[in-house]
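Work through the exercises below with the sequence and the structure at hand. Each task is followed by a solution in steps.

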Amino acid sequence: MRIAVTGSIATDHLMTFPGSFGEQLIAEQLDRVSLSFLVDDLQIRRGGVAANIAFGMGCLGLKPILVGAVGDDFAGYRSWLERHGVDCDSVHVSELRHTARFLCTTDEHHNQIASFYTGAMAEAREIELKPVADRLGGLDLVLISPNDPDAMFRHTEECRERGIPFAADPSQQLARMGGEEIKALIEGAAYLFTNDYEKALVEQKTGWSDEEVLGRVGVRVTTLGPKGARIDREGEPSVHVPPAAERGKVDPTGVGDAFRAGFLSGLAWGVSPERSGQVGNLLATHVLEEVGGQEYQLGRQGFLDRFAAAYGAEAAGEITEHLDCFHA
Ligand SMILES: Nc1ncnc2c1ncn2[C@@H]1O[C@H](COP(=O)(O)OP(=O)(O)OP(=O)(O)O)[C@@H](O)[C@H]1O
Ligand SMILES: [Mg+2]
C-alpha cells in the first residue's frame with residue numbers, strides 16, 4: 001500500500017533559562033522591551049506532524065512517502081528520515097526560506113516564550129500530488145495532516161478530483177478554521193482522525209452531529225489519551241481499543257502522531273481496524289516514554305512482546321509476519 005503523508009516538517013529548538021522571565025520584565029518599560037536570556041541548555045528535536053508520522057511508519061518497516069515543504073537546511077534531517085525508511089523524494093525544497101522552526105525558551109517556573117517560524121511550509125501549497133502518484137505508479141491513500149492551510153485544502157481537493165482515498169487529520173488546525181473550512185477537509189474522507197476534544201470541536205463548528213460526521217467519512221478514529229482510542233463506522237458498533245500499558249510517562253508531545261503512524265501501518269498490513277488501533281496505541285506509548293517525537297527505538301521482539309502483553313498472543317500473531325522493525 002502506497003501511503004503519502006502530507007503535513008508539516010519542522011525542528012524544535014528548546015532552551016531553558018535558569019531564572020525567572022517575570023523578574024526581567026520592568027512594568028514601566030514594557031513599551032520598549034529588549035531582552036536577551038543567557039540559556040543553559042539547547043535541545044534540537046526533529047518534529048513536524050508529517051515527519052513524525054512518516055518516521056513511525058518507517059520504524060515499523062513501511063516505506064511512507066513524505067510530502068511537505070522544507071528549506072535547504074533539510075539535508076541532515078532528510079538523511080535521518082531516509083535511514084529510517086522514509087521516502088523523501090517528493091519533499092519540496094524551498095530556495096528562499098528555512099525549514100519551519102519552533103523556538104521556545106522555558107524559565108525555571110515553566111513560563112515559556114516561544115515563536116513559530118512557518119518558513120518554507122508556506123510553499124507546501126505549491127505541491128501537486130499528481131507527480132508523486134506518477135512517480136510511484138499511483139497512491140492508495142493520502143494523509144492530510146496539519147500544514148499550511150492552503151496546502152491542506154489543495155491536497156484534499158486534488159484527492160477528490162483524482163479519486164485517491166484520503167485520510168483527514170486536521171488536529172491543531174481546527175482551532176483556526178471555521179465550519180465551512182472544516183467541512184471541506186473532512187467530507188468524503190476514507191478516515192478521519194481526531195482526539196476527543198477535537199471531535200467535539202468538529203461537531204460544534206460544522207454543526208454536524210456525531211452521526212452526520214460518521215455518514216460523511218468511512219471510518220472515524222478518535223484518540224482518547226490515557227483511555228486509548230475508539231473506532232467508529234456507520235451502522236456498526238463502536239470499537240474501543242484500550243491503551244497499552246506505559247512504562248513511564250515522560251513527555252506526551254507527538255503521541256497523537258505516533259498513534260496515526262501505527263494505525264496506518266496496520267492498515268497497510270491489511271489487519272483489522274481494531275488491530276491497527278492497537279498498533280497505534282502501542283507505538284504512542286513508545287513516544288510517551290521519551291522526550292521528543294522521534295527518539296524511541298523499536299526492536300521487533302520487544303514490540304511483539306509488549307503487544308502480546310497488552311492485547312494477547314493471538315492478536316500479536318496477526319501482526320508478527322508483517323512487523324519489520326527498523327531497529328535491531
Ligand atoms: N497515558 C497514556 N497511556 C497510554 N497511552 C496513552 C496515554 N496517553 C496517550 N496515549 C496514547 O496516545 C494516543 C493519542 O493520545 P491523545 O488522544 O492524547 O492524542 P493528542 O491529543 O492528539 O496528542 P498530541 O496532539 O499531543 O500528540 C492515545 O490514543 C493512546 O494510544
Ligand atoms: Mg493531536
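**Exercise 1.** Find the residues that Leu 143 is in contact with, leaving aside its neighbours within four places in sequence.

Solution. Step 1: contact means heavy atoms within 4.5 Å. Step 2: with neighbours within four places set aside, the contacts of Leu 143 are Ala 4, Val 5, Thr 6, Ile 53, Ala 167, Asp 169, Phe 193 and Leu 264. Step 3: Leu 143 itself belongs to strand S9; strands (E, at least two residues) and helices (H or I, at least four) are DSSP runs, numbered from the N terminus. Step 4: Leu 143 counts as buried because its relative accessibility is 0%, where buried means under 20% relative accessible area, exposed over 50% and partly exposed in between (1.4 Å probe, protein chains only).

This is a predicted model, in which local features need pLDDT of at least 70 and side-chain atom pairs count only at pLDDT 80 or more, while totals for chains, interfaces and linings use all residues. Residues are numbered from 1 along each chain as its sequence is written, chains are lettered from A and ligands numbered from 1 in the order in which they are written, and side-chain values use heavy atoms, with hydrogens and water left out.

**Exercise 2.** Place strand S9 in its sheet: in what order do the eight strands come?

Solution. Step 1: two strands pair if DSSP finds at least two bridges between them. Step 2: the order of this open sheet is S4-S1-S9-S10-S11-S12-S13-S14, and its pairing is mixed. Step 3: strand S4 (65–67) and strand S14 (239–241) are the edge strands, each pairing on one side only. Step 4: from one strand to the next, the twist averages 20°. Step 5: S9 (residues 141–144) and S10 (residues 166–168) run parallel and are joined by three bridges. Across this pair, Leu 143 stands opposite Ala 167. Step 6: helix H2 (residues 49–59) packs on the sheet and touches strand S1 (3–6), S4 and S9. The direction of H2 makes about 150° with that of S1; axes are lines fitted to C-alpha atoms, for helices over the stretch in contact, and angles run from 0 to 180 degrees between N-to-C directions.

**Exercise 3.** Describe the sheet of four strands and its pairings.

Solution. Step 1: this open sheet has the order S3-S2-S7-S8, with mixed pairing. Step 2: its edge strands are S3 (41–47) and S8, each of which pairs on one side only. Step 3: S2 pairs with S3 in the antiparallel sense over seven bridges, and His 13 has Ile 44 as its bridge partner in S3. Step 4: S2 (residues 10–16) runs parallel to S7 (residues 100–106), with seven bridges between them; here Thr 16 stands opposite Thr 106. Step 5: S7 and S8 (residues 112–117) run antiparallel and are joined by six bridges, with Thr 105 opposite Ile 113. Step 6: S7 and S8 form a hairpin with five residues between them, and His 110 in the turn has a positive phi of about 70°.

**Exercise 4.** Is Asp 87 buried or exposed, and which side chain does its own side chain make a polar contact with?

Solution. Step 1: Asp 87 lies in the loop between helix H3 (75–83) and strand S6 (92–93). Step 2: Asp 87 counts as buried because its relative accessibility is 8%. Step 3: the side chain of Asp 87 makes a polar contact with that of Arg 135 at 3.1 Å. A polar contact is a pair of N or O atoms within 3.5 Å; within protein, one must be able to donate a hydrogen and the other to accept it, and residues adjacent in sequence count only if both atoms are side-chain atoms. Step 4: the Asp 87 side chain also reaches the backbone nitrogen of Asp 89, at 2.9 Å.

**Exercise 5.** Check the span of helix H9 (residues 255–269) and find how many of its residues are buried.

Solution. Step 1: the expected span of a helix is 1.5 Å times one less than its number of residues. Step 2: for the 15 residues of H9 this gives 21 Å, which agrees with the 21 Å between its end C-alpha atoms. Step 3: 12 of the 15 residues are buried, so H9 is largely enclosed by the rest of the structure. Step 4: just after H9, Gly 270 takes a positive phi of about 85°.
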